[in-house]
Structures are given as structure tokens and as C-alpha cells.
Amino acid sequence: MNGQWWKRSVVYQIYPRSFKDSNGDGIGDIRGIIEKIDYIKNLGVDVLWLSPIYQSPNDDNGYDISDYQAIMPEFGTMKDFDELLKQAHKRNIKIIMDLVVNHTSDEHIWFQRSREKEKSKYQDYYIWAKEKPNNWESYFGGSAWEYDEVREMYYLHLFSRKQPDLNWRNPELREDIYKMMSWWLDKGIDGFRMDVINLISKADGFPEGEVIEGTPYTEKAPYVICGPQMHTYLKEMYKKVLSNYNIMTVGEGLGLGLDEARKITSENSKELNMMFTFEHMDVENIGKEKWTEQRFKLKDLKQIMSKWQKGLEHEGWNSLYWNNHDQPRVVSRFGDDGLFWEKSAKMLAVCLHMMKGTPYIYQGEEIGMTNIRLKTINEYHDIESKAAYERYKNYMGYSEEKIMNCIHARSRDNARSPMQWDTTRNAGFTDGSPWFEVNTNYEKINVESQVNDPDSILSFYRELIVLRKSYEIIIEGDYNLLYPEDDNVYAYTREWQNQKILVICNFSKEHIAFQVPSSFDNKENRLLIGNYEGAALEKEMLLRPYEADVFLFTS
Ligand code: NOJ
């Protein structure tokens, strides 16, 4: 069963902790999402992706799950979830859940049983070793192996020590995961976003990681990314679970290359529908450390986006995203969160939403929410930011100023500050005291001030979503990059049957001269959308700061 409805859908990601608090405890919850369901409906999206809402001790904000079939009490109850699903479906909104099965929490019953000395079926549910097998480091800093006093053995954790990796080599474990997935699907959910799903198969023999030049750190990537059994497991999951439902699946692909992405998402592979890839998220410092103060170069961004657009054009499918709960806010990152805030937010939306693939909007992006800037590391919550701070301070000798600049630019907490609903206290997110700082700019940037303004960023997103639903060329058209060397303008075309679209995006604060290719000379055209009044196609255009225009040609 596969209607491929996900090719025509726009997805809205909710990070429940920061979306809307309904009971005044300062933490967003499921009832809060229900309160805002009509807001989501009015935006026009088709699918909601919920970051994890399962029971969890919250070492990594819910990505450490202690019970896959229970709801985190802070977020509500299973009854609340059922109500949300009902309310969403009533409005024709689908819901996909975060599926975190590379690891669990160490408080999950499987791990509790696995660490016991007595033999049980759970003994091999995780990855255990008598001696530390290698020098791998966890993504959150320190060794990836932790000694467990109870079992007197080491276990592998690619993330925090409270997130032990599951042993996918064990068929019984896989069956338990599939059972749990089917349980959710039988409830009526519409698919999964699969957390770091390309890490589930580790290399045979746990080879030593190579030392990264100029650092005391090692590289485990070749041994954990897209390991030898990954496709086998994904195919098995498809056959046993996914193929039984009319759902969508999107996998998170850490360090994923194009060939593997094509293999996973190609229709014939029968694995997943699409992947989140990361190359464009590393654009400031390609192939190196994520923690940098450097700003991106447009040429690099264009090259990466185009590689993926072309690479999955006829085989596979792209997911299109500029940000999520792990990334800085796009308007601060690739746009301008000062003078040209509104223009640049709209321009970025155009640039992404006219591409081929399924677009994802991260909560708050649709109103142009920006990065936060907290003074000291103590004010940050994110486990990854804290680990990075320690690493750069103590082992790499960075100055306080330099580290904080990196944190301000790249911290995951940039995306996690509460949603800005209105100008009341705490931006209308909570009546209580919010679990995390509200951005001080909430009086300017909030839903209330944009929802009825036809010129707002929010209204612009709505228009883009309507366009995607009105023009088949946006779904199907072939993509071609224009002027790859231009460091100010991102221009590309889409082509389908007798139609052509020309997308022109000025990524600069300056007026920029842009030459429309002669193949468009004297062709009849129409402006589909633009972020300045009265833009018209001319041979030589003088683009205004952060101008974005989309022209449709029909011959
Ligand atoms: C990716 C998730 O998006 C991130 O938030 C989490 O920390 C890691 N996977 C580990 O689950």
C-alpha cells in the first residue's frame, strides 16, 4: 500500500516541550498542541511530526526513552494523545511520531534486565563487552563505553551514557521493536521520523577509530554510519511492519552520503520514503567540526543543495529542511535577523519550498523566530552544548569568548526556546515559569501580530504551501542550478512538461544586478510569488536586499 501522499505534503515539526503549555507547569504538553491545532490547520500543513512524547528521564529531552508505549507525564496521558490524534485527523492532518530505536534510556526495562547478571532474553539486547573494545567517543563527549557496576561489563552508548545502544543483531530485539511500531500504527498514527536510523548497524569487530588530526579526538564514523547490516534491517522492518500501512517514513541520516540515501529511498529498495541529510547543515565548516563561528558561503550551500536535488531527482526523494530542534534558526543562520529579518525569512522560505522534495517547517520558523543568545553556558540546557563547552575549554584551549560565539551560532538550544504566541508574559507560552528562557524579542516576533496580517512571514508561508498544492511542477519538475559561482544570488529552474519555473533569491543585504538567462527572452511569464511589491521579470534585474521572486513560464 503506498499512495505516496507524502510527496505532496508539507510537514510541521513540533518540539512539544517548547510549543504550548496548557497547565501552567512551564512545560509544553499535548493539551497545548490540541489548543493550537486550528493554528496548524490554518497554516495549511498536512502532517505533524512530534518530537518524542514518550516516557523518559529527559537526559536528552525525550530522545532517551524509558517506555515506548507510555506518555511522559509532563506532556500528559495516552488519553490526551488519542484526543490529539482524533482532533488532527478530523482536520485532515496526519501525525508522525519520532521513533528512537538506535538506543533507549538506561531506565528502560530492557536495559534494567540486560544489566542483570542472571541470563535472560534481554542479555544481548544491548552491546556489551568485558573490556573496553576501542577508543570510540560518544557524540556528546567522553568514551562511548561505560562500565556498568551491576553487570561488571562495558556497554556502548553513541550518545549520552544514559542512552545505551540497542543490539540490532539480536532478532528478538528487532521483533520487539517491530511489535511496538505496529502497536502505534494500529492506533492510527501516520508514520515515523526515525532518529539516527543509519547508525543501527555497527561494524564487525569494533575497529579502533582514527585520531583526528590536530586534536586528541578519534573518528568512529566509518564504523557506525551505514554499517554492514543497515539495509537488511531496514528491508526487514519494511516487510514486517511498514508495508502493512499507508504511511510516511523519514529517517535521520547522520553523515549520510548520496549513494546510501538513494539506496534507502529508492522505491525499489523498499526501505524508507526519505531521509534527513546533513551536508547542508555542515556548510560553514565542511567536513570539519560543527562548532564554528564562521558564516556560510552561498556558493557552498548551492553546491550542496544542488547535489542532493540532482542526486535524488529520479530515484529516491528529498526531505527539505532548513532547521529543526537540533539546528540554529534559519533566519539567523542563512538570513539576517536584524534589519532584513522579514525579507530574508521570506526569501529563505521561497528558496526551500520551490525545490523538489517534501518540505519541513520547524515550529516558529513560520513567524521568523531567531536564535537566542544567553550569556553563560550555565543558562543553556542542551547536553550537547554543555559537552562542547567542556571540550573546547579544557582540551582545545579556546577562549571563553570564542566558545560562546560558537555556542551562540550553533547550539541546539537556539531552536528550543518557547514558541512565541503573543505579547503577554512568557510570549503566551505558559502562565507559569517556562522551563527555558523565552527569547527577548517576543514582543516583536509572535503569532498574534502576524496571523491576520496578509504581508506577514506567516501569511507568506501559507501562500507557499498553497502554491505547492496548486502546481504539479513544484512537486515533479526537474531542478537546475543557474550561475553556480555567484556568491549573492541563488537562482534555479524547475521544468516539467511545457512549464518552467525560475526562482531567484538574493542572499545579500545589497542591491544585486542579476542577468536573466537569454533562454527566457520574450517568454510570457507570471509572478507566482515574491517578497517585494510589483516585481517583474526584466533581462537585467536589480534585486533588492534579500529579494525572492518566482516566475512561471508556459509555452
Ligand atoms: C538526533 C535527535 O534529533 C537529537 O535531538 C538527539 O539528541 C540524538 N538523535 C540522539 O537521539
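**Notebook: rings, strands and a ligand site**

I looked up two rings first and noted that phenylalanine 520 and phenylalanine 553 are both buried, where buried means under 20% relative accessible area, exposed over 50% and partly exposed in between, with a 1.4 Å probe and protein chains only. The model is a predicted one, in which local features need pLDDT of at least 70 and side-chain atom pairs count only at pLDDT 80 or more, while totals for chains, interfaces and linings use all residues. Residues are numbered from 1 along each chain as its sequence is written, and side-chain values use heavy atoms, with hydrogens and water left out.

**Entry on aromatic pairs**

I took rings of Phe, Tyr and Trp (its six-membered ring) as paired if their centres lie within 6.5 Å, with planes under 30 degrees apart counted as stacked, over 60 as edge-to-face and the rest as tilted. By this rule I noted 38 aromatic pairs. In one of them, phenylalanine 111 and tyrosine 126 meet edge-to-face, at 4.9 Å centre to centre and with 85° between the planes. That pair links distant parts of the chain, 15 residues apart, since phenylalanine 111 is in helix H4 (residues 109–114) and tyrosine 126 is in the loop between H4 and S6; helices (H or I, at least four residues) and strands (E, at least two) are DSSP runs numbered from the N terminus. Phenylalanine 111 counts as buried because its relative accessibility is 1%, and tyrosine 126 counts as buried because its relative accessibility is 1%.

I then returned to phenylalanine 520 and phenylalanine 553, whose ring centres are 4.6 Å apart and whose planes stand at 40°, so the pair is tilted. This pair also links distant parts of the chain, 33 residues apart, with phenylalanine 520 in the loop between strand S19 (512–515) and strand S20 (525–530), and phenylalanine 553 in strand S22 (residues 548–554).

**Entry on strand S8**

Which way do the side chains of strand S8 point? I noted that Met153 and Tyr155 point one way from S8 (residues 153–156) and Tyr154 and Leu156 the other way, and that all are buried. Two strands pair if DSSP finds at least two bridges between them, and strand S6 (residues 128–129) is joined to S8 by two bridges, running antiparallel. Alanine 129 has tyrosine 154 in S8 as its bridge partner. Strand S7 (residues 145–148) also pairs with S8 in the antiparallel sense, over four bridges, and tryptophan 145 stands opposite leucine 156 in S8. S7 and S8 form a hairpin with four residues between them, and in the turn glutamate 152 has a positive phi of about 60°.

**Entry on the parallel sheet**

I followed an open sheet of eight strands in the order S13-S12-S9-S5-S2-S1-S15-S14, with parallel pairing. Its edge strands, each pairing on one side only, are strand S13 (274–276) and strand S14 (319–320). Within the sheet, strand S9 (residues 191–194) pairs with strand S12 (residues 248–252) in the parallel sense over four bridges, and the bridge partner of glycine 191 in S12 is methionine 248.

**Entry on the ligand**

Which residues come nearest to the ligand? Of the 13 residues around it (a heavy atom within 4 Å), I listed Asp60, Asp195, His325, Asp326 and Arg412 as the nearest. I also noted that an oxygen atom of the ligand is 2.4 Å from an N or O atom in the side chain of aspartate 326, and that for aspartate 195 the corresponding distance is 2.7 Å.

Notes. A polar contact is a pair of N or O atoms within 3.5 Å; within protein, one must be able to donate a hydrogen and the other to accept it, and residues adjacent in sequence count only if both atoms are side-chain atoms.
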